[in-house]
Protein chains: 2
Amino acid sequence: MSAVALELPRRERNKQEKRAALLAAARSLFARKGFAATTTAEIAARAGVGAGTLFLYFASKDDLLVAIFRADMDAVVARAFATLPKRASLLTELLHVYGAMIAFHERDPELARAFVKEMLFVSPANLASVFEFIDGVGARIAARIALRQARGELDPAVSAERVADNCFALYIARLQKWLGLGERLASEELLARLRESFELQLRVLEPAEARATKRARPRTRRA
Amino acid sequence: MSAVALELPRRERNKQEKRAALLAAARSLFARKGFAATTTAEIAARAGVGAGTLFLYFASKDDLLVAIFRADMDAVVARAFATLPKRASLLTELLHVYGAMIAFHERDPELARAFVKEMLFVSPANLASVFEFIDGVGARIAARIALRQARGELDPAVSAERVADNCFALYIARLQKWLGLGERLASEELLARLRESFELQLRVLEPAEARATKRARPRTRRA
DNA sequence: GGCAGAAACTGACTGCGCTCAGTTTTGTGA
DNA sequence: TCACAAAACTGAGCGCAGTCAGTTTCTGCC
């Protein structure tokens, strides 16, 4: 009958603790031994539960991975938006945010590969959480675009949401290709490719006058 | 010492035949029972080889699937380009081609899901073949763009290859999201989303003058 | 033809993700 | 306090993808 007991029903508390224990166990084992080399039985044992219990909390081993990654990505993105460079171009801001995500993926390519592969093919609950994340990033990018549109720096006739959405799609596609390639390429390569893709997409936001001017010098190469 | 024997060394011939038999067996079993419900042992048995032999020809069950799909997609794309509508806009042409691919995926969503998920995470040989396909589509789309640039219909200062590349990335990302969603949505939905994405990307190709004109009426809604 | 070495093939076996029939724990109402 | 239902948990067991030590088939050479 302590004060603590009032906060939550005992059952619910236990469940949350077990879920957290499983996530923690999985996180540490994945980091130490890698995703493929870690068995679900090990994770369950380390979390102090039976082998079958893991699957009451996560639909599959992949599901568990996505849950972990999803949580980490939130922190990465929050930090990236909090440290946006001042007075930078939209392109720079985009690369700052997506660059942070890429850097995170680069820390453990094996996990990243598995995550990116499974991301969209998990249990409904997890899938909803992934979409929430994607939409969250999209909305924040859209806000950065809208800001500039309001200032008259970018064409306000173009839908900020749709441009943001396209950019995320471009990011995902490039990231997958990069991770699929047995990551022989440096992340700088990926960032360079992404910059090109974004540049091409963002050009649609340039006010018509600016664009007409640009046309005079057909190609802008060498920085 | 017959004439036939001269064509290829016996061994090589046998290998090709076994590979073909495995592909045919897998194709028919996947179609009848579904991908998940078909075991590699069944496929091997139907092809008349031992269970282990399958893995001398394909690195994994997924690899086998990708090999099958890849071959079919070639035919689908070839057909799509051969039946391009006359005097249509670039956007219409793009939707014709990608629409054909989507229609193909819609025929067997379970297989399509597995394919799209594994596509970039297969054995090196298969991966190369997948990239060949992607590049092939990209090049053909780029050619359609270049044609219009040469005619003066589109801005020649924009790289046709890069626009085509971005379009493929947009396609892949949208397709994955659609297939991941337990395909409750009709393919028309996907096509509509894709049209929006392409529209936004292709706008970069509009000659500057045309674009300045368009700006007069800020939004083009209702068809 | 016959032999040696290589290449191709085989299927019993392994390890692991996931299931499910049975057991324990928790919450509730008398 | 006890009975009893429901929820949570368990781990032995199952099915299957993928492996590998041993076997067969092929090829080039004398």
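This section describes the contacts of a predicted model with DNA strand D, the interface between chains A and B, and one backbone feature found in each chain.

DNA strand D is surrounded by 19 residues, the closest being A:K18, A:G50, A:T53, A:Y57 and B:K61. Sugar or phosphate accounts for 71% of the atoms of DNA strand D that lie within 4 Å of the protein, and bases account for the rest. Phosphate oxygens of the strand are approached by side chains of chain A and by the backbone of chain B. In A:T53, a side-chain N or O atom is placed 2.5 Å from a phosphate oxygen of DNA strand D. For A:K18, the distance between a polar side-chain atom and a phosphate oxygen of this strand is 2.6 Å. In chain B, a polar backbone atom of B:T38 is 3.4 Å from a phosphate oxygen of DNA strand D. Two or more residues of the surface near DNA strand D are given by each of α2 (10-33) and α4 (54-57) of chain A and α2 (10-33) of chain B. The largest share, three residues, is that of α2(A). The surface near DNA strand D comprises eight polar, six charged and five nonpolar residues.

Between the two protein chains, 43 residues of chain B are in contact with 43 residues of chain A. About 4,200 Å² is buried between these chains, with carbon and sulfur atoms giving 55% of that area. Eight salt bridges are counted between chain B and chain A. One of them joins B:K117 to A:E118, with the closest N and O atoms 3.0 Å apart. The polar contacts between the chains involve 13 residue pairs, both residues of a pair being at pLDDT 80 or more. On the side of chain B that touches chain A, the elements giving two or more residues are α7 (109-118), α8 (124-150), α9 (160-180), α10 (187-202) and α11 (208-214). The largest share of this side comes from α9(B), with 13 residues. By class, this side of chain B has 20 nonpolar, 17 charged and six polar residues.

Most residues other than glycine have a negative phi. A:R87, although not a glycine, has a positive phi of about 55 degrees. A:R87 is located in the loop between α5 (61-82) and α6 (90-107) of chain A. Because its relative accessibility is 87%, A:R87 counts as exposed. In chain B, a positive phi of about 55 degrees is found for B:R87, also not a glycine. The loop between α5 (61-82) and α6 (90-107) of chain B holds B:R87, and this residue counts as exposed because its relative accessibility is 88%.

Note on methods: Residues are numbered from 1 along each chain as its sequence is written. Chains are lettered from A and ligands numbered from 1 in the order in which they are written. This is a predicted model: local features need pLDDT of at least 70, side-chain atom pairs count only at pLDDT 80 or more; totals for chains, interfaces and linings use all residues. Side-chain values use heavy atoms; hydrogens and water are left out. A residue is near a molecule or strand if one of its heavy atoms lies within 4 Å of it. A polar contact is a pair of N or O atoms within 3.5 Å; within protein, one must be able to donate a hydrogen and the other to accept it, and residues adjacent in sequence count only if both atoms are side-chain atoms. Helices (H or I, at least four residues) and strands (E, at least two) are DSSP runs, numbered from the N terminus. Ala, Val, Leu, Ile, Met, Phe, Trp, Tyr, Cys and Pro count as nonpolar, Asp, Glu, Lys and Arg as charged, and the others, Gly among them, as polar. Buried means under 20% relative accessible area, exposed over 50%, partly exposed in between (1.4 Å probe, protein chains only). Contact means heavy atoms within 4.5 Å. Buried area is the accessible area (1.4 Å probe) that two parts lose on being put together, summed over both. A salt bridge is a side-chain nitrogen of Lys or Arg within 4 Å of a carboxyl oxygen of Asp or Glu.
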